[in-house]
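Reader: I am new to this structure and would like to know how its labels are earned. Could you walk me through them, step by step?

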Amino acid sequence: MLDALKNFVCSALICFVIIRFLIPLSRRFGLLDKPDERKQHDAPTPPIGGFGVFLAILLPYLYTAGLSQEFIGFAAGAALMVLIGALDDKYHIDWKTRIAIQALSALSLIYISGVRAEHVGPLFGFGDIELGWLSVPFTVFVTLGLINAMNMFDGIDGLVGVVCSAVTVMFICAALYSGAYDVALGLFWVLGAMAGFLWFNLRRPGQKTARVFLGDAGSGFIGFLLAFIIFRLTQNEAHPISPILGPFLLAPPIIDCLVLIVHRLRRGKSPFAAGRDHAHHLMLDAGFSVNQTVSYIVLLTCAAGLLGALAMYIDMPEPLMVMWYLLSMFFWLWITETEQRAQAYFQWVHKKIYR
């Protein structure tokens, strides 16, 4: 417990100090996220939170693991994500270039760290499915999916930081339950980094709006980090966790991303186009405040993760869990099919909770 507390405090302080140092530099060199019709902020804001989160996790990891092969692969991939994200924040890089760099990051996990998805469990009820030659493309696909899901999900103050914190707590519980104590201990670096970042990003008394954003550098890195954690937990021969749990722990960002891609393709738009059609935008338009939206989505995240864990605890067949997940996705697809239906649904939810 003492080691976990040390990890948390260490990362929180590193993140806090780095962000405090970078805020004036960001303003001096013009690295600012400027307001427009899609965004909630009214003043140019430094998108440098990702640098603090990145270093607050990487430095303690380096101190503990040294220049191990796993660390080098993770650090190389993470650095690529932060670099391309920072360039995108400043110069708006073409999406094809971003995808190529993201793929390189995933390959660094596979070929340097030796971390990859080699099986997906008995998803169809016929025993554990080994991926074989599909291991590499599947790992790249999952990593790219989580990177872009978190990037698309990062739309309002506090959302990604609080959701990532909740997911990290659930990861810690899963790691402890399975006996992967080394992974659980390392996850306190993630929790501490999120706490240091949220001090500047979360709306709270004395801070009406965020002072910094994650930026694409931060949201991309967090997606990459979550992929790394999921692979370490679910592909761990000594302390295995079923891969089916991963999508349940990250249900809101994954489902929102997939459903949004379907809607945009059906409307003839690019899946990577910017817009105000995310779940959090629909909730804001229906009358939720920013903090109410964050609280509701975090509640859904925790509920989905706990239900997934409970289903595994009672030995629910994994094909039924897959069907349950798909039904949730189709429900969200139907709710958000039209703006009017989504508005009516969220207005009803808002009245039920906050009347």
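Author: Gladly! A residue is called exposed when its relative accessible area is over 50%, and buried when that area is under 20%. Please keep in mind that this is a predicted model.

Reader: What makes P205 exposed?

Author: P205 has a relative accessible area of 79%. The cut-off for exposed is over 50%, so P205 counts as exposed. P205 sits in the loop between α7 (181–201) and α8 (215–234). From P205 to V53 there are 152 residues in sequence and 23 Å in space, taken C-alpha to C-alpha.

Reader: What makes F221 buried or exposed?

Author: Here the value is 0%. Buried means under 20%, so F221 is buried. F221 belongs to helix α8. Setting aside neighbours within four places in sequence, F221 is in contact with V53, F54, I57, F74, A78, M81, V82 and D216. Q207 is 14 residues away from F221 in sequence, and their C-alpha atoms are 25 Å apart.

Reader: Which residues have the most contacts inside the largest nonpolar core?

Author: They are V53, F74, F171 and F221, in a core of 103 residues. Taking F171 as an example, and not counting residues up to four places away in sequence, F171 touches L187, L226, I229, I230, L233 and L249. There is also a second, separate core of 6 residues, with A103, A106, V136 and L144 among them.

Reader: Let us turn to helix pairs. Why is α5 called oblique to α8?

Author: Helix α5 (residues 135–153) packs against α8 at an angle of about 140 degrees, and the axes are 7 Å apart. Roughly perpendicular covers 65 to 115 degrees and roughly antiparallel needs over 145. An angle of about 140 degrees fits neither label, so α5 is oblique to α8. Their crossing is right-handed.

Reader: Which residues of α5 and α8 meet there?

Author: From α5 come T139, V142, T143, L146, I147, M150 and N151, and from α8 come D216, S219, G220, I222, G223, F224, L226, A227, I230 and F231. By class, this contact of α5 with α8 has 10 nonpolar, 6 polar and 1 charged residues.

Reader: F141 is found in helix α5 too. What makes F141 buried or exposed?

Author: F141 has 60% relative accessibility. Since exposed means over 50%, F141 counts as exposed. F141 and S295 lie 154 residues apart in sequence, with 30 Å between their C-alpha atoms.

Reader: Why are α10 and α13 called oblique to each other?

Author: The axes of α10 (residues 251–266) and α13 (residues 318–335) come within 10 Å and cross at roughly 55 degrees. Roughly parallel needs under 35 degrees, and roughly perpendicular begins at 65. Roughly 55 degrees falls in neither range, and therefore α10 and α13 are oblique. α10 passes α13 in a right-handed crossing.

Reader: What are the classes of the residues in the contact of α10 with α13?

Author: On one side are A251, I254, I255, D256, L258, V259, V262 and H263 of α10, and they meet Y325, S328, M329, W332 and L333 of α13. By class, that gives 10 nonpolar, 2 polar and 1 charged residues.

Reader: At what angle do α1 and α2 cross?

Author: Helix α1 (residues 2–28) and helix α2 (residues 49–65) cross at roughly 145 degrees, with axes that come within 8 Å. This crossing is right-handed. By class, the contact of α1 with α2 has 12 nonpolar, 3 polar and no charged residues.

Reader: What is notable about the phi of H92?

Author: H92 has a positive phi of about 60 degrees although it is not a glycine. Most residues other than glycine have a negative phi. H92 lies in the loop between α3 (69–91) and α4 (95–113). Its relative accessibility is 63%, so H92 counts as exposed.

Reader: And how do you know that D315 is exposed?

Author: The relative accessible area of D315 is 64%. The cut-off is over 50%, so D315 is exposed. D315 lies in the loop between α12 (290–313) and α13. D315, a residue other than glycine, has a positive phi near 60 degrees.

Methods. Residues numbered from 1 in each chain as written. Predicted model: local features only at pLDDT ≥ 70, side-chain atom pairs only at ≥ 80, totals over all residues. Heavy atoms only, no water. Axes fitted to C-alpha atoms, helices over the stretch in contact; angles between N-to-C directions. Helix = DSSP H or I, 4+ residues; strand = E, 2+ residues; numbered from the N terminus. Left-handed = near helix turned anticlockwise from the far one by under 90°. Contact = heavy atoms within 4.5 Å. Nonpolar A, V, L, I, M, F, W, Y, C, P; charged D, E, K, R; others polar. Core = buried A, V, L, I, M, F, W, Y, C linked by side-chain atoms within 4.5 Å. Buried < 20%, exposed > 50% of the residue type's maximum accessible area, 1.4 Å probe, protein only.
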